[in-house]
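Student: Could you walk me through a protein structure and show me how to read its features?
Tutor: Sure, let's take it piece by piece.

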Amino acid sequence: MQLQHVVPWGRNLKEYREMGLFSEADKEKKILGCGDGPASVNSELTQTGVVIISIDPIYEFTKEQIQKRVQETSHVVAKQLKDNKDNFVWKNIKDVESLIKLRLDAMDGFLIDYEDGKRSGRYQHQELPRLSFKDKEFDLAWSSHFLFLYSEYFDAEFHLNAIKEMLRVANEVRIFPLLDLNNARSIHLDAVLEYVDKKGYTYEIVKSDYEFQRGANEVLKIWS
Ligand SMILES: C[S@@+](CC[C@H](N)C(=O)[O-])C[C@H]1O[C@@H](n2cnc3c(N)ncnc32)[C@H](O)[C@@H]1O
C-alpha cells in the first residue's frame, strides 16, 4: 500500500453504535475491526474495558506518516464534500465544517492511542482477505465503510473471500454500509447473500440509526 493513495478518514464509537456495529450487549465480546483505519473506536472501546483488535493496511505506517497524510488530505475531502453536498444527509451533522471537525477529533483520538495500541497488538498490520487469526478467535468481526462501499475497486471474489475469512475467525460478522460510493446498492451484495444462504448461515439486514451518505442506513449481520 502507498500512503499517497490513501485518504485517512475515521469515525468514532458513537457512529459505530449508530451504524449498528456495536451495542451494550456486545461489551463482553472479543471484537475484530476489519479496516478500522484511523477511527477512534478501538481507543474508545479499550478505555471502557472492551477487548478489540483492529486490522488495516495503513497500520504499516508510523504515527507521524499517518498524521501528515491526515493534514494533507482533509481540505481535499472538505472540497469534495462541498461539491457533492446533495449526496449526504445534513441532519445530525449540520455542515461540512462540523463533519471535518468530527472526523479530525476521531482521528486525533486514534493517533494519541496508536503507538501504545500497536505495541500491545490492538492495531495490527493485516489485510483482508487473509487474516492470521485462529478459527473462531473472535465473537464479532465488523467492517465499517470498507466492504461494499468500494465495490468498484474490489470485485465479487474479493468480497466473498473477505467475508468467508471474517466468518472463519468470528461467530458473527457485521457490515455497514451496503451501498457503494455512488450511493447505489453494492453489485456484490447478492453474491454474498447467495453464498451465506447456500452455507446455511443466518443473516439479517437491519435498519440503522445512522445515515450520512444518502440511503446508507442498513447493516448486514451474518451468524456462522
Ligand atoms: C473509509 S476507511 C474506513 C475507516 C473506518 N472503518 C471508519 O469507518 O471510520 C476504509 C479503510 O479500509 C482500509 N482497507 C483498505 N484495504 C483493506 C483490506 N484489504 N483489508 C482491510 N482494510 C482495508 C483502508 O486502509 C481504510 O483505513
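Student: Which residue in S2 is the bridge partner of Gly33?
Tutor: The partner of Gly33 is Ser54. Before going on, note that this is a predicted model, where local features need pLDDT of at least 70, side-chain atom pairs count only at pLDDT 80 or more, and totals for chains, interfaces and linings use all residues. Residues are numbered from 1 along each chain as its sequence is written, and side-chain values use heavy atoms, with hydrogens and water left out.

Student: What do labels such as S2 stand for?
Tutor: They are DSSP runs numbered from the N terminus: helices (H or I) have at least four residues, and strands (E) at least two. Two strands pair if DSSP finds at least two bridges between them. Here S1 and S2 run parallel and are joined by five bridges.

Student: In what order do the strands of the sheet come?
Tutor: The open sheet has seven strands in the order S3-S2-S1-S4-S5-S7-S6, with mixed pairing. S3 and S6 (202-207) stand at the edges with a single partner strand each, so one side of each has no neighbour in the sheet.

Student: How do I read a helix? Take H4: how many residues does it have?
Tutor: An α-helix has 3.6 residues a turn, so residues three or four places apart point the same way. H4 covers residues 96-119, which is 24 residues. From first C-alpha to last it reaches 35 Å, close to the 34 Å expected at 1.5 Å a residue; the expected span is 1.5 Å times one less than the number of residues.

Student: Where does H4 bend?
Tutor: At Asp113, by about 50°. That bend is the angle between axes fitted to the seven residues ending there and the seven starting there.

Student: Which residues of H4 are buried?
Tutor: Buried means under 20% relative accessible area, exposed means over 50%, and partly exposed is in between (1.4 Å probe, protein chains only). In H4 the buried residues include Val96, Leu99, Ile100, Arg103 and Asp113. The buried residues of H4 pack against H1 (13-19), H2 (41-47), H3 (63-83) and S3 (123-124).

Student: What about backbone oddities: which residues are joined by a cis peptide bond?
Tutor: Most residues other than glycine have a negative phi, and most peptide bonds are trans. Leu128 and Pro129 are joined by a cis bond, with omega about 15°, and Pro129 lies in the loop between S3 and S4 (138-144). A cis bond also joins Phe176 and Pro177, with omega about -5°.

Student: Which residues have a positive phi although they are not glycine?
Tutor: Phe148, at about 70°, and Asn183, at about 65°. Phe148 is buried at 0% relative accessible area, while Asn183 is partly exposed at 24%.

Student: Which residues touch the most other members of the largest nonpolar core?
Tutor: A nonpolar core is a set of buried Ala, Val, Leu, Ile, Met, Phe, Trp, Tyr and Cys residues joined through side-chain atoms within 4.5 Å. This one has 29 residues, and those touching the most other members include Leu32, Phe148 and Ile163. H5 (156-169) gives the most to this core, with six residues.

Student: Which residues is Ile163 in contact with?
Tutor: Contact means heavy atoms within 4.5 Å. Leaving aside neighbours within four places in sequence, Ile163 is in contact with Leu147, Phe148, Ile175, Val192 and Ile222.
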